[in-house]
Amino acid sequence: MKRNVEEQTFRQLPISVPEGTTHALFPTPVKLFELEEDEMNAELAVFFAGNPRFRKADQAEMSDVHNLMEYAAEVPALTRLEGLFLACLKNYCREIGWQGEFDLAMQMFPNVAPKGHYVPSHNHVSHISAVYYVHTRPSERPLLVSDESVRDYWRPDEGALILHDPRFNASLQGGWQYHAKVFPRPGVMLFFPSFLWHEVTPHQADEPRLSVAANFTLAYRNLPPYERHQRFSC
Ligand SMILES: [Fe+2]
């Protein structure tokens with residue numbers, strides 16, 4: 001009987017809780033740069049149109065087995081693009097708090113996407129990734145859309161770069177799903193962590209969409225003495 005009286009007393013008490021504090025931990029920094037590089041884009045477009053490598057049936061599958069800088073001697077625009085990537089990388093690293101002296105491994109590879117081409121969902125094996133758009137079909141959509149509902153995720157938007165919520169299984173747990181879409185235009189350079197899953201939806205323009213992707217792997221040069229570096233084979 002006594003227990004029932006206590007329960008009744010609690011039921012009568014008003015419930016009031018503090019506001020609490022929110023910590024937006026583990027954000028995913030994605031940075032957009034809008035560059036004015038018409039001349040460079042024109043030279044790169046001529047390079048992509050004229051090089052027989054980009055007309056091969058398997059050019060998309062083979063796009064990341066080379067480094068575009070192999071052609072830098074004959075295509076000066078590639079050296080300029082590399083310089084732009086590095087300048088923006090410096091900016092991005094400063095923003096995410098990576099500071100110091102590094103050994104940098106950098107790969108630049110092409111994305112020549114003919115009509116109807118798409119890129120399945122994937123991420124990159126490096127620390128930081130970037131993409132620069134040389135030629136795209138004009139889009140009426142904003143450059144970046146990040147406030148869509150989950151229903152909009154399934155709409156077949158043309159030529160969109162979809163960025164997925166990187167949290168483990170986030171898209172399987174109702175209420176946590178987030179995505180963002182980039183509707184690229186020439187001159188846009190986008191930086192993101194390489195772990196971020198992304199995909200590209202098909203476009204219907206007659207001309208190929210042209211972009212250059214870059215991967216960056218950074219190793220600190222001032223290693224602490226207890227980290228012994230050695231060659232290892234297995
Ligand atoms: Fe990618």
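Biologist: Which side chains along β6 point to one face and are buried?

Modeller: This is a predicted model. In a regular strand the side chains alternate between the two faces of the sheet. β6 follows that alternation: Ile-162 and His-164 point to one face and are not buried. Those that point to the other face and are buried are Leu-161 and Leu-163.

Biologist: Which residue in β7 stands opposite Leu-161?

Modeller: β6 and β7 run antiparallel and are joined by four bridges. Within β7, the residue opposite Leu-161 is Val-182.

Biologist: In β9, what is the bridge partner of Ile-162?

Modeller: β6 also pairs with β9 (residues 198-200), in the antiparallel sense and over three bridges. The partner of Ile-162 in β9 is Glu-199.

Biologist: In what order do the five strands of the open sheet stand?

Modeller: The pairing in this open sheet is antiparallel. β1 (31-34) and β2 (102-113) each have a single partner strand, so they stand at the edges, with one side of each left without a neighbour in the sheet. From one strand to the next the twist averages 20°. The order is β1-β8-β4-β10-β2.

Biologist: Which residue of β8 is the bridge partner of Ser-129?

Modeller: Strand β4 (residues 128-135) and strand β8 (residues 188-193) run antiparallel, with five bridges joining them. The bridge partner of Ser-129 in β8 is Phe-192.

Biologist: At about what angle to β4 does helix α3 run?

Modeller: Two helices may be described against β4. Helix α2 (residues 38-50) lies across β2, β4 and β10 (209-220), and runs at about 85° to β4. Helix α3 (residues 76-96) lies across β1, β2, β4, β8 and β10, and its angle to β4 is about 140°.

Biologist: Which element supplies the largest share of the largest nonpolar core?

Modeller: In soluble globular proteins, nonpolar side chains tend to be buried together. The largest nonpolar core here has 38 residues, of which Ala-130, Tyr-132, Leu-190 and Val-212 touch the most other members. At least two residues come from each of α2, α3, β2, β4, β6 (161-164), β7 (179-182), β8 and β10. The largest share, seven residues, comes from α3.

Biologist: Which residues does Tyr-132 touch, not counting residues up to four places away in sequence?

Modeller: Tyr-132 is one of the core residues that touch the most other members. Contact here requires C-beta atoms, placed from the backbone, to lie within 7 Å. With residues up to four places away in sequence not counted, Tyr-132 touches Leu-81, Met-189, Ser-211 and Val-212.

Notes: Residues numbered from 1 in each chain as written. Predicted model: local features only at pLDDT ≥ 70, side-chain atom pairs only at ≥ 80, totals over all residues. Pairing = 2+ DSSP bridges. Axes fitted to C-alpha atoms, helices over the stretch in contact; angles between N-to-C directions. Core = buried A, V, L, I, M, F, W, Y, C linked by C-beta atoms within 7 Å. Buried ≥ 20, exposed ≤ 12 C-beta atoms within 10 Å, placed from the backbone.
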